[in-house]
Amino acid sequence: MLETKSTIFEIGKIVAFRISTGDELIGKITSMDKESITIKKPCGLQVNPQNGQVGLAPASMLGDPDADVIYQRTAIIAIMKPRPDAATSYEEYASEIALIKKSGLLVPK
């Protein structure tokens, strides 16, 4: 297997990725090795059938939404830099603190 260094594939970075089921997810890499990648609070897209709005939802409906998830590298078919609005939405969801945009202050959730 060819090994290359990627600036997208780094611990602490938010990434968007597609897994072998076709689901596209977003999350922050917390650790990785040659076989797996651990993602903090991974999220997927969810469409509200009432109004058609799209939002983020935990990647697993049965798993602990606050727990890290380990993905096998063989199940990840694409990894990419996320859109800025998607990264911002994920940060708001996954953050331990509430972000106040106007004043720049950080307050606990």
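How many salt bridges does the count come to? The count comes to 3 salt bridges. The points below concern a predicted model, and they take up the overall make-up, the ionic pairs, the surface and one pocket in turn.

1. Overall make-up. The protein contains 1 helix and 8 strands. Followed along the sequence, these elements give the pattern β-β-β-β-β-β-α-β-β. The protein has 109 residues, and buried residues account for 23% of them.

2. The pair E24 and R18. A salt bridge joins E24 to R18, with 2.6 Å between the closest N and O atoms. E24 is partly exposed, its relative accessible area being 35%. R18 is likewise described as partly exposed, at 31%. Both values fall between the limits of 20% and 50%, so E24 at 35% and R18 at 31% are classed as neither buried nor exposed.

3. The setting of R18. This residue belongs to strand β1, which covers residues 14-19. Another residue to inspect beside R18 is I79: the two are 61 residues apart along the chain, while their C-alpha atoms are separated by 6.5 Å. R18 therefore has a place in two of the relations described here, one being the salt bridge with E24 and the other the C-alpha separation from I79, and its relative accessible area of 31% makes it partly exposed.

4. The pair D66 and K41. Here the closest N and O atoms of the salt bridge are 3.4 Å apart. D66 sits in the loop between β4 (54-58) and β5 (69-72), whereas K41 is in strand β3 (residues 36-47), so the pair ties together parts that are 25 residues apart in sequence. Is D66 buried or exposed? D66 is exposed, with a relative accessible area of 52%. K41, by contrast, is buried, with a value of 8%. The salt bridge between D66 and K41 thus links an exposed residue to a buried one.

5. The backbone at K41. A further point on K41 concerns its phi, which is positive at about 40° although the residue is not a glycine. Most residues other than glycine have a negative phi. A reader checking this position will find K41 within strand β3, and the residue is buried because its relative accessible area of 8% is under 20%.

6. The pair D85 and R83. The side chains of D85 and R83 meet in a salt bridge with an N to O distance of 2.5 Å. D85 is partly exposed, at 42% relative accessible area. R83 is exposed, at 56%. R83 returns below, as one of the residues closest to the centre of the second largest pocket.

7. A nonpolar surface patch. Which residues make the nonpolar surface patch of about 310 Å²? The patch is made by L45, V47 and V54. Of these, V47 is in strand β3 and counts as exposed, with 52% relative accessibility. The C-alpha atoms of V47 and A57 are separated by 9.5 Å, the two residues being 10 residues apart along the chain.

8. The second largest pocket. The space in this pocket comes to about 370 Å³. Its lining consists of 17 residues, and those closest to the centre are I26, L45, L56, R83 and A86. The elements giving two or more residues to the lining are β2 (24-32), β3, β4 and α1 (84-94). By type, the lining divides into 10 nonpolar, 3 polar and 4 charged residues. Two of the residues closest to the centre have already been met: L45 is one of the residues that make the nonpolar patch, and R83 is the salt-bridge partner of D85.

9. A position in the helix. S89 lies in helix α1 and is partly exposed, with a relative accessible area of 35%. S89 and G55 are 34 residues apart along the chain, and their C-alpha atoms are separated by 8.4 Å.

10. Positions to revisit. Several residues carry more than one of the features above. K41 combines a salt bridge to D66 with a positive phi. R83 combines a salt bridge to D85 with a place among the residues closest to the centre of the second largest pocket. V47 is part of the nonpolar patch and is exposed.

Definitions and conventions. Residues numbered from 1 in each chain as written. Predicted model: local features only at pLDDT ≥ 70, side-chain atom pairs only at ≥ 80, totals over all residues. Heavy atoms only, no water. Salt bridge = Lys/Arg side-chain N within 4 Å of Asp/Glu carboxyl O. Buried < 20%, exposed > 50% of the residue type's maximum accessible area, 1.4 Å probe, protein only. Helix = DSSP H or I, 4+ residues; strand = E, 2+ residues; numbered from the N terminus. Patch = residues over 30% accessible without salt bridge, like charges linked within 9 Å, V, L, I, M, F, W, Y side chains within 5 Å. Areas by Shrake-Rupley, 256 points an atom, 1.4 Å probe, with all protein chains shown as cover. 1 Å grid on protein atoms, 1.4 Å probe; cavity = no way out; pocket = protein on both sides within 12 Å on 5 of 7 lines; lining within 4 Å. Points joined across faces, edges and corners; volume = space filled by probe spheres on them. Nonpolar A, V, L, I, M, F, W, Y, C, P; charged D, E, K, R; others polar.
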